[in-house]
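Dear colleague,

I am handing over the structure below, and I would ask you to look through it before reading on. My notes on what was found in it follow directly after.

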Number of protein chains: 2
Amino acid sequence: MDMQISISERTNGGAARGRVYSLLRDAIVSSEFHPGQRLSEKDLANRLGVSRTPIREALVRLRDDRLVEIVPQLGTYVSRISHQAISDAQFVRESLECAAVRVATEQAGEEDLAALDAIVRSQHEAYRSQDIDRFYFFDDELHRTLCDLSSHGIAWSLSQRASGHLNRIRRLSMTLPDYVHEMIEEHETVVGAVRRRQPEEAEQALREHLRMVLTALPDIEQEHPEYFQR
Amino acid sequence: MDMQISISERTNGGAARGRVYSLLRDAIVSSEFHPGQRLSEKDLANRLGVSRTPIREALVRLRDDRLVEIVPQLGTYVSRISHQAISDAQFVRESLECAAVRVATEQAGEEDLAALDAIVRSQHEAYRSQDIDRFYFFDDELHRTLCDLSSHGIAWSLSQRASGHLNRIRRLSMTLPDYVHEMIEEHETVVGAVRRRQPEEAEQALREHLRMVLTALPDIEQEHPEYFQR
DNA sequence: ACTTGCATACTTGTATGCAAGTATGTCAGC
DNA sequence: GCTGACATACTTGCATACAAGTATGCAAGT
């Protein structure tokens with residue numbers, strides 16, 4: 001067992017659980033842990049240098065996110081991507097973020113609009129330098145900011161939490177430069193509608209934008225059929 | 001320690017955690033545990049006849065629901081009712097359920113409509129016999145059914161999970177017969193709009209209905225100021 | 001009387017041991 | 001060679017022991 005990690009983390013209060021949750025979630029969403037893979041609490045505990053307890057609590061939370069399935073006395077498995085889970089995640093994300101953007105359109109001040117513009121500009125820049133991680137960072141940043149502007153930041157928290165399956169698809173379909181440019185244009189459309197105080201337009205533009213990730217689904221399923229359920 | 005409970009539960013897999021979560025959530029929502037009250041894992045473990053482990057896992061989940069606040073090395077407290085939490089919960093519930101009812105309006109079959117009618121009739125009956133618990137049961141049942149008809153049952157799960165603070169208010173304002181009758185009429189309006197395939201109407205009716213619970217808020221805050229934050 | 005420092009009794013976070021159930025490999029018997 | 005039973009080595013769920021930090025009350029000093 002790795003004592004350094006163990007001891008250094010012991011000083012912080014409740015850091016291990018959150019750290020383990022983030023690590024495991026990233027590993028699943030990035031398909032580093034591939035769908036269907038069996039996970040062992042004990043093995044994860046050894047690899048991360050903590051005991052089973054924080055591992056367990058993280059796994060229970062990931063089950064709430066539908067990213068793992070825990071079968072008592074049998075094992076814990078990375079969930080396969082299911083169409084129902086994707087559809088549900090899409091529904092939740094659309095519902096929350098579209099409702100948020102309507103409110104944001106009514107509440108955004110001039111400095112808020114400037115912040116949105118800045119994010120879009122940063123995305124352009126990331127696109128030019130082909131920095132895909134940075135691009136997706138600002139993608140999230142834009143959506144988060146739109147939710148925050150509704151004064152219901154919870155919309156983004158819950159949307160993120162529910163979007164595990166969607167993010168897996170997004171991560172599997174990363175390298176599509178044409179699509180990336182289209183995404184920036186869609187962002188500009190949304191921000192433009194917010195600026196012109198057109199909630200209906202903003203909602204519609206965001207809804208279409210959110211559905212773009214689904215267009216990659218058939219290709220991914222053909223490429224990785226073993227990642228999908230049934 | 002109560003060995004009977006402990007042993008009887010040991011046979012089932014993962015039953016203790018779920019049972020403890022439901023018990024604690026009910027206790028908080030019903031204000032049996034009053035807002036601001038300090039909870040002790042060890043004390044709860046003794047009272048429920050289980051060890052700290054399932055208690056901990058339930059409390060962590062309740063923190064996700066914003067119903068408790070866990071302060072490391074200090075204590076766990078029942079969250080006070082905050083206007084932000086109420087507003088967030090209302091936003092989430094409206095967003096999810098209104099989106100669901102739109103889809104439900106398009107998808108409901110004749111037998112689904114009959115089921116909705118049956119629930120409303122049961123509510124009438126519960127009202128006549130002044131059975132408030134039964135009334136609220138069918139209230140939930142109607143909302144859950146509407147979500148299920150959208151083929152996104154997750155909408156109801158998440159709505160429920162996010163509605164802890166709202167349900168606390170609802171439970172604190174229980175005995176209002178006039179209001180109850182009004183609620184039934186609102187339900188009938190929603191179901192009627194679904195039957196006539198008017199998604200916009202159904203959504204609007206549901207939205208207004210969902211906001212009714214908030215009308216009780218000022219009275220409750222005046223009656224129990226110590227339950228509220230700040 | 002008041003303040004200050006320390007012992008103590010809490011709290012939660014983490015680690016680990018035990019119980020119960022399942023899959024699997026191996027060996028005996030046919 | 002094939003089949004079936006059993007030992008074994010896993011799994012998760014729960015209980016408990018230990019670590020570390022905080023509040024509190026008491027006693028001693030000013």
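Please bear in mind throughout that this is a predicted model. When the two copies are compared, chain A can be laid on chain B with an RMSD of 0.1 Å, and the operation that does this is a turn of 180° with a shift of 0.0 Å along the axis. The two copies are therefore related as by a two-fold rotation axis. Within chain A, the C-alpha nearest to that axis belongs to Ser95(A), at 2.7 Å from it.

Turning to the place where the chains meet, the contact draws on 16 residues from chain A and 16 residues from chain B. On the side of chain A that touches chain B, the elements giving two or more residues are helix H4 (52-64), helix H5 (83-107) and helix H8 (154-162) of chain A, and of these H5(A) gives the most, with 6 residues. Sorted by class, that side of chain A has 9 nonpolar, 5 polar and 2 charged residues. Because 100% of the interface residues of chain A are also interface residues in chain B, the copies meet through the same surface.

A separate feature worth finding in chain B is a hairpin formed by E2(B) and E3(B), with 3 residues between them. Strand E2 (residues 68-71) of chain B and strand E3 (residues 75-78) of chain B run antiparallel and are joined by 4 bridges, and along this pairing Glu69(B) stands opposite Tyr77(B) in E3(B). In the turn, Gln73(B) has a positive phi of about 60°.

With kind regards

Technical notes
Residues numbered from 1 in each chain as written. Chains lettered and ligands numbered in written order. Predicted model: local features only at pLDDT ≥ 70, side-chain atom pairs only at ≥ 80, totals over all residues. Contact = placed C-beta atoms within 7 Å. Nonpolar A, V, L, I, M, F, W, Y, C, P; charged D, E, K, R; others polar. Pairing = 2+ DSSP bridges. Least-squares fit on C-alpha atoms with pLDDT ≥ 70 in both.
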